[in-house]
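Welcome! Take a moment to look over the sequence and the structure, and then read on for a short guided tour.

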Amino acid sequence: MPGPDSPATPAGSASHRQPRPTIRVRPIEAGDLAQVIAIDAEASGIDKVDYWYELFHRYGTRGRQQRFFLVAEAEDSVLGFIIGEVRDWEFGSPPCGWVFGIAVRRAARVGGVGSELLAAILENFRRAGVEKVRTLTTRDNNLVLSFFRSQGMMAAPFIPLEMDLPAVKGDIS
Amino acid sequence: MRLQTSTMLALYSIIEAASHPGKQVSAAEIAERYGVSAHHLAKVLRELGRAGLVDSSRGAGGGYRFSGNARRLTLMDVIERFEDIGARSPDPGTAQTDLGLAIARVLSEIDEIAKATFRSITIETLLKLVERARRSETSE
Ligand SMILES: CC(C)(COP(=O)(O)OP(=O)(O)OC[C@H]1O[C@@H](n2cnc3c(N)ncnc32)[C@H](O)[C@@H]1OP(=O)(O)O)[C@@H](O)C(=O)NCCC(=O)NCCS
């Protein structure tokens, strides 16, 4: 099912790139949070202020070696963000970089901002000593899947599984 | 996962032509490279032409050129012109039994993953994969 963020350009037509201002990718600062929250709300349709403050606290404060929360900025406004961390020995797999959030302001998309954010976090992962990067997204998020594929990502040798928790006996709700 | 011969041929033809943007590719050469008849390839090229993905020139040589947008055309866009990969149905006699439904559910899980994969890979992404594989071969 195509979501609101599905690729809009028809498959047969040529696409055009706008000339863009210089983009700078840097670690997030407290003053960027309001814009990050707005970009996420635009992409996900859900305003999650507390969640982002909590993430900022855990990932955005200085001196982190394994956690990265970066923003792309041009002309004093935040165009997008990326967030990730190095995860150690999950299910027996050697430490690797995990990207678990990325979004670019809708008006700034398809201008290379997402690619620059990813390149910057990959550089951080490399410096942290890992050799692999992974991410997880929903099967119907074709936009995010196409983006990560275009950057060279392939299916990982994992299968995500889920189930509804069994109802507790005696619970009548 | 197995795709039909025409579908595979369509993918080869598109990718060969997209890797030489603006240039004519010889249909005869493609037919020979992939071991298919010129007649079969011509049929596939006609369908790709109807979809606006290639321009063919008739006559001696019989070349064609990629005319789509490699950055937006996905493998799924090409595949679904030739077959419906989600249409594998279990034997009609058992389909409505509990067992039939359980098997159908597992098959559809597999199909959904295949479709999401084909939808997320553009011709350009595939060409980059080829390029990367070539580079790593030459650097070995
Ligand atoms: C995925 C996303 C981050 C990409 O950012 P971006 O700045 O547009 O990405 P780039 O411009 O660097 O694009 C790089 C490549 O990705 C692919 N891509 C990006 N947008 C695409 C689209 N609409 N259709 C097809 N491919 C696309 C292309 O291959 C593109 O390369 P190209 O421009 O040479 O064709 C952005 O689209 C986004 O924020 N989407 C919503 C994210 C979301 O839902 N997040 C959930 C909350 S965490």
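In what order do the elements of chain B run from the N terminus on? The answer is α-β-α-α-β-β-α-α-α, which adds up to six helices and three strands. Please keep in mind that this is a predicted model.

**Chain B at a glance**

Here are some overall values for this chain.

| Property of chain B | Value |
|---|---|
| Box filled by the C-alpha atoms, along the principal axes | roughly 55 × 40 × 25 Å |
| Buried residues | 36% of 140 residues |
| Exposed area | about 8,400 Å² |
| Share of that exposed area from carbon and sulfur atoms | 52% |
| Distance between the centres of the positive and negative sets of side chains | 6 Å |

The charges themselves come to 19 positive and 18 negative side chains in chain B. As for the contacts in chain B with a separation of 6 or more, 69% of them join residues 24 or more positions apart.

**The cores**

In soluble globular proteins, nonpolar side chains tend to be buried together. In this model, the largest nonpolar core holds 32 residues. B:I14, B:L48, B:Y64, B:L75 and B:I123 are the residues with the most contacts inside this core. Several elements of chain B give two or more residues to the core: α1 (5–18), α2 (27–33), α3 (38–50), β3 (63–66), α4 (75–79) and α6 (123–139). The largest share, seven residues, is supplied by α1(B).

To see how one of these residues is surrounded, try B:L48. Leaving aside residues up to four places away in sequence, B:L48 touches B:A10, B:S13, B:I14, B:L53, B:V54, B:V78 and B:F82. Apart from the largest core lies another one, made of 20 residues, and A:L79, A:I82, A:F125 and A:F147 are among them.

**Aromatic pairs**

How many aromatic pairs does a search of the whole structure find? Over all chains, there are eight. One is formed by A:F68 and A:F125: the ring centres are 5.7 Å apart and the planes stand at 75°, so the pair counts as edge-to-face. A:F68 sits in strand β2 (residues 67–74) of chain A, while A:F125 belongs to helix α3 (residues 113–127) of chain A, so the pair ties together parts that are 57 residues apart in sequence. Are these two residues buried or exposed? Both A:F68 and A:F125 are buried.

Chain A also has a cluster of rings to look for: A:Y51, A:W52, A:F69 and A:F81 are linked by ring pairs.

Note on methods
Residues numbered from 1 in each chain as written. Chains lettered and ligands numbered in written order. Predicted model: local features only at pLDDT ≥ 70, side-chain atom pairs only at ≥ 80, totals over all residues. Heavy atoms only, no water. Core = buried A, V, L, I, M, F, W, Y, C linked by side-chain atoms within 4.5 Å. Buried < 20%, exposed > 50% of the residue type's maximum accessible area, 1.4 Å probe, protein only. Helix = DSSP H or I, 4+ residues; strand = E, 2+ residues; numbered from the N terminus. Contact = heavy atoms within 4.5 Å. Areas by Shrake-Rupley, 256 points an atom, 1.4 Å probe, with all protein chains shown as cover. Lys, Arg positive; Asp, Glu negative; His and termini not counted. Charge placed at Lys NZ, Arg CZ, Asp CG, Glu CD. Phe/Tyr/Trp six-rings, centres within 6.5 Å; stacked < 30°, edge-to-face > 60°.
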